[in-house]
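Colleague: Before we rely on the labels attached to this model, I would like to go through them one at a time and hear what each of them rests on. Could you take me through the reasoning?

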Amino acid sequence: MKSWSSDHPKAKLMASKRADILAAAKASFLDTGYEGTSMESIAKAANVSIMTLYRHAESKDDLFLAVISNACDPDDEAERAEMEALLEKPLRDVLLWAAAMTQGRLTDPDTIALMRTVIAGASRFPGLAEMAHKSLVGNLEGMVAFMLGLKQEAAGANAERRHELAVRFIDRLLGTHMLGVLMGLPGPSPQEQEERAEIAADALIAALGQPAR
């Protein structure tokens, strides 16, 4: 989905329209599923013309990817500022924050509902599951790999190694409990999430050859 730089003369207007479109698209996908959603219905719900919608997104797939990816983005300026401030702290603090954010996002009811939408539409749209997985999980892996690239503790790891470590980190956080959550079972308790976060963080740090604490 297209975005505009902050120096664009209509940056604020475009950002506002983008937010309205994403909100309308998310509501439509949750309400009528992937198959039942159309570009026309999204434009109507967002109160924009179809031409304006296509100015922001090339297709329904483009919008669905943006909705999925947005589920893992920092919610607001305060959270983005918190993430930037954390990057000045030791790697373990950064990883624990990323782990808490990841687990919170993936167990959010709307995210679960979006994943169920993917499951429901996967048989009729074979590429939907892979597209959504790359957008959701891949986005999280990319975030961790990016953070590692900014930390001195990971200076000895090249881009490929950082990506590999990020994949393992996210995999340790998801675990089999995500299957239970998708089936409607309660998610892990805050204490269980914290324990899982510490295990994942310490394993990554150990893989870098650094002391865990």
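Colleague: Which residues does V144 touch, leaving out residues up to four places away in sequence?

Modeller: In this predicted model, V144 touches L95, A98, A166, F169, I170 and L204. Each of these counts as a contact because heavy atoms lie within 4.5 Å. V144 is also named, together with F64 and F169, among the residues with the most contacts inside the largest nonpolar core, a set of 60 residues. Helix α8 supplies the largest share of this core, with 11 residues.

Colleague: Why is E141 called buried or exposed?

Modeller: E141 has a relative accessibility of 13%, and the cut-off for buried is under 20%, so E141 counts as buried. E141 is found in helix α8 and, with residues up to four places away in sequence not counted, touches H163, A166, V167 and I170. The C-alpha atoms of E141 and T102 are 9.9 Å apart in space, while the two residues are 39 residues apart in sequence.

Colleague: What makes the pair of F29 and Y34 stacked, edge-to-face or tilted?

Modeller: The rings of F29 and Y34 lie 6.2 Å apart, centre to centre, with 10 degrees between the planes. Centres within 6.5 Å make a pair and planes under 30 degrees apart make it stacked, so this aromatic pair is called stacked. F29 and Y34 are both buried.

Colleague: And what kind of pair do Y34 and F125 form?

Modeller: Y34 and F125 are 4.9 Å apart, centre to centre, with 75 degrees between the planes; since an angle over 60 degrees counts as edge-to-face, that is the class of this pair. The pair links distant parts of the chain, with Y34 in helix α1 (residues 11-36) and F125 in the loop between α7 and α8, 91 residues apart. F29, Y34, F64 and F125 form one aromatic cluster, and the count of aromatic pairs comes to 4.

Colleague: How do you know whether Y34 and F125 are buried, exposed or partly exposed?

Modeller: Y34 has a relative accessible area of 8%, which is under the 20% limit, so Y34 is buried. F125 has 26% relative accessibility, and a value between 20% and 50% is called partly exposed, so F125 counts as partly exposed.

Colleague: Where does T117 lie, and what is T117 in contact with beyond its neighbours within four places in sequence?

Modeller: T117 lies in helix α7 and is in contact with F29, G33 and Y34. Its relative accessibility is 10%, under the 20% limit, so T117 counts as buried.

Colleague: What makes D61 buried, exposed or partly exposed?

Modeller: D61, found in helix α4 (residues 60-70), has 32% relative accessibility; the range from 20% to 50% is called partly exposed, so D61 counts as partly exposed. D61 touches Y34 and M131, not counting residues up to four places away in sequence.

Colleague: Why are N47 and V48 given their accessibility classes?

Modeller: N47, at 68% relative accessibility, is exposed because the limit for that class is over 50%, whereas V48, at 12%, is buried because its value falls under 20%. N47 is found in the loop between α2 (39-46) and α3 (50-56), and V48 lies in the loop between α2 and α3. V48 touches K17, I21, A43 and L53, with residues up to four places away in sequence not counted.

Colleague: What is notable about phi of N47?

Modeller: Phi of N47 is near 60 degrees, a positive value in a residue other than glycine. Most residues other than glycine have a negative phi.

Colleague: What is the make-up, by class, of the lining of the second largest pocket?

Modeller: The lining of the second largest pocket has 16 nonpolar, 1 polar and 2 charged residues. The space in this pocket is about 380 Å³, and of its 19 lining residues, the closest to the centre are M115, H133, L136, V137 and L182. Helix α8 gives the most to the lining, with 6 residues, while α7 (109-121), α8 (128-150), α9 (159-174) and α10 (177-182) each supply at least two.

How values were computed: Residues numbered from 1 in each chain as written. Predicted model: local features only at pLDDT ≥ 70, side-chain atom pairs only at ≥ 80, totals over all residues. Heavy atoms only, no water. 1 Å grid on protein atoms, 1.4 Å probe; cavity = no way out; pocket = protein on both sides within 12 Å on 5 of 7 lines; lining within 4 Å. Points joined across faces, edges and corners; volume = space filled by probe spheres on them. Nonpolar A, V, L, I, M, F, W, Y, C, P; charged D, E, K, R; others polar. Core = buried A, V, L, I, M, F, W, Y, C linked by side-chain atoms within 4.5 Å. Buried < 20%, exposed > 50% of the residue type's maximum accessible area, 1.4 Å probe, protein only. Phe/Tyr/Trp six-rings, centres within 6.5 Å; stacked < 30°, edge-to-face > 60°.
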